[in-house]
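Q: Please take a close look at one part of this chain. Start at a single turn, then follow what it leads to.

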Amino acid sequence: MAAGAAVGAWVLALSLWGTVVGGQNVTARIGKPLVLNCKGAPKKPPQQLEWKLNTGRTEAWKVLSPQGGPWDSVARVLPNGSLLLPAIGIQDEGTFRCRAMSRKGKETKSNYQVRVYQTPRKPKIVDPASELMAGVPNKVGTCVSEGGYPAGTLSWHLAGKPLIPDGKGVSMKEETRRHPETGFFTLQSELTVIPTPGGAPHSTFSCSFSPGLPRRRALHSAPLQLSVWGEHREYVPLEGVRLLVEPEGGVVAPGGTVTLTCEAPAQPPPQIHWIKDGTPLPLPPSPVLLLPEVGPQDQGTYSCVATHPSHAPQESPAVSVSIIETGEEGPTAGSVGGAGLGTLGLALGILGGLGTAALLIGVIMWRRWRRRGEERKAPENQEEEAEERAELNLSEEPEAAESSAGGP
């Protein structure tokens with residue numbers, strides 16, 4: 001009795017949470033439980049009924065009955081005769097039939113066609129244009145929808161109205177891919193338009209995903225508003241593409257940062273693509289290329305290419321990016337930075353040596369000059385002393401004569 005109550009509660013829970021149907025066409029969400037009713041079956045045993053399945057999991061009809069065991073974790077017959085699929089998947093799409101006999105001997109048949117679905121993520125517009133130019137083809141962007149089943153369809157809208165490809169002013173390039181493991185679909189639709197000269201100065205685009213199943217709502221992307229360049233705008237031709245590098249010369253220490261900026265003075269602004277060693281880099285268009293934490297793999301020759309709807313592509317002159325190889329005692333010889341610093345040190349050393357030599361020579365010359373001056377003064381002093389001595393001798397001689405004459 002308790003077991004019967006538990007089964008009844010389980011069936012009630014499934015009826016409220018999953019999809020319980022009695023019609024012919026069934027749509028169920030992938031991963032959710034699905035309960036199919038067997039019409040005319042007695043609600044309690046004993047029961048005379050039989051389920052037959054023909055799905056992606058079966059090569060032929062699979063037969064299930066209350067007396068038989070469950071089919072792994074795929075499906076099983078509940079005590080009330082209904083069929084339970086605990087977690088329906090893509091392989092469970094197909095035909096389900098039930099034949100039941102009432103206690104009065106009346107036979108009832110049920111037939112279901114089951115389809116499953118998975119709602120994808122909200123579509124988005126990637127690689128959007130920045131502006132549009134009237135009278136020439138412009139790529140608006142690419143609408144992407146991921147993770148849906150079945151595939152569904154993508155559509156574009158301009159100012160809320162559907163855009164229809166006409167091969168002239170509106171064209172779409174579509175692509176559908178299916179994931180090999182999950183079976184879910186990824187859709188892409190690239191829109192190209194030719195705005196009419198003299199039209200509205202702005203255009204608002206959006207895209208939407210339609211699941212292609214009844215009672216399933218469409219999903220819409222965020223709007224994309226673009227300015228339209230018309231004849232009233234002055235166009236600047238594409239010429240003189242320049243590539244600037246920071247730091248100057250493109251020489252950086254390992255782990256440093258190099259910034260490359262492509263200048264292309266044109267209106268409307270062109271798209272900038274990048275080339276390294278003659279090979280295009282798989283990067284989205286951008287006027288700035290940032291190389292953080294530069295390593296040996298970043299060394300090489302870089303250039304930028306500017307593309308414009310009304311002009312041929314223009315490539316800038318190339319610049320080189322190189323690394324200063326440093327050791328424990330500073331830049332090594334042979335590198336660009338080491339040679340420059342070595343030359344500067346040599347020049348400073350020569351200048352310092354010349355200054356020291358000049359100072360020593362000056363000191364030596366000053367000493368020699370001083371000696372010569374002293375040598376010149378010595379003879380003059382000797383002559384003066386001799387003259388003084390001679391004068392003293394002369395003065396002493398008369399005094400001596402006078403003293404001898406006046407004696408006794």
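**From a cis proline outward**

A: Pro-150 sits in the loop between β12 and β13. The model is a predicted one. The peptide bond from Tyr-149 into Pro-150 is cis, with omega near -10°. Most peptide bonds are trans. This loop is the starting point; the strands on its two sides come next.

Take β12 first. It spans residues 138-148 and carries Glu-146. The side chain of Glu-146 meets that of Arg-121 in a salt bridge, 3.2 Å from N to O. Arg-121 belongs to the loop between β9 (107-117) and β10 (124-126), so the bridge ties together parts that are 25 residues apart in sequence. How covered are the two partners, Glu-146 and Arg-121? Glu-146 has 30% relative accessibility, so it counts as partly exposed. Arg-121 has a relative accessible area of 53% and is exposed, because the exposed class starts over 50%.

β10 leads to another backbone feature. Asp-127 lies in the loop between β10 and β11 (131-133). Asp-127 is not a glycine, yet its phi is positive, at about 50°. Most residues other than glycine have a negative phi. At 48% relative accessibility, Asp-127 is partly exposed.

Now the other side of Pro-150. Strand β13 (residues 153-158) runs antiparallel to β17, and 6 bridges join the two. Thr-153 of β13 faces Ser-210 of β17. β17 has further partners. One is strand β19 (residues 224-229), paired in the antiparallel sense over 4 bridges. There, Phe-205 has Leu-224 in β19 as its bridge partner. Another is β18, antiparallel to β17 and joined to it by 2 bridges. In that pairing, Phe-209 is matched with Leu-219 in β18.

Between β17 (202-210) and β18 (219-220) runs a loop that contains Arg-216. Arg-216 helps form a positive surface patch, together with Arg-29, Lys-32, Arg-215 and Arg-217. Why can Arg-216 count towards the patch? Its relative accessible area is 34%, and patch residues need over 30%, so Arg-216 passes that cut-off. In terms of exposure class, Arg-216 is partly exposed.

Further along the chain, the cis theme returns. The peptide bond from Glu-246 to Pro-247 is cis too, with omega near 5°. Pro-247 is placed in the loop between β20 and β21 (251-252).

β20 also takes part in a salt bridge. Arg-242 and Glu-263 bring their side chains together at 2.5 Å, N to O. This pair links distant parts of the chain: Arg-242 is in β20 (residues 242-246), Glu-263 is in β22 (residues 258-263), and they stand 21 residues apart. Arg-242 is partly exposed, at 46% relative accessible area. Glu-263 is partly exposed as well, at 30%.

From β22, the path goes on to β25. The two strands run antiparallel and are joined by 4 bridges. Val-258 stands opposite Leu-291 of β25. Which residues of β25 are covered, and which are not? Leu-289 and Leu-291 make up the covered face of this strand (residues 288-291), while Val-288 and Leu-290 make up the uncovered one. In a regular strand, side chains alternate between the two faces of the sheet.

After β25 the chain enters the loop that leads to β26 (300-308), and Glu-293 has its place there. Glu-293 has a positive phi of about 50°, although it is not a glycine. Its relative accessibility is 64%, so Glu-293 counts as exposed.

Back to the charged pairs. The model has 8 salt bridges in total. One of them joins Asp-277 to Lys-276, with the closest N and O atoms 3.2 Å apart. Is each partner buried or exposed, or something in between? Asp-277 is partly exposed at 47%. Lys-276 has 17% relative accessibility, so it falls under the 20% cut-off and counts as buried. Elsewhere, Glu-50, Arg-99 and Glu-107 are joined into one network by salt bridges that share partners.

Key. Residues are numbered from 1 along each chain as its sequence is written. This is a predicted model: local features need pLDDT of at least 70, side-chain atom pairs count only at pLDDT 80 or more; totals for chains, interfaces and linings use all residues. Side-chain values use heavy atoms; hydrogens and water are left out. Patches are made of residues with over 30% relative accessible area and no salt bridge: like charges are joined within 9 Å, nonpolar side chains (Val, Leu, Ile, Met, Phe, Trp, Tyr) within 5 Å. Accessible areas come from the Shrake-Rupley method with a 1.4 Å probe; for residues, only the protein chains shown count as cover. A salt bridge is a side-chain nitrogen of Lys or Arg within 4 Å of a carboxyl oxygen of Asp or Glu. Lys and Arg count as positive and Asp and Glu as negative; His and the chain ends are not counted. The place of a charge is taken as NZ of Lys, CZ of Arg, CG of Asp or CD of Glu. Buried means under 20% relative accessible area, exposed over 50%, partly exposed in between (1.4 Å probe, protein chains only). Two strands pair if DSSP finds at least two bridges between them.
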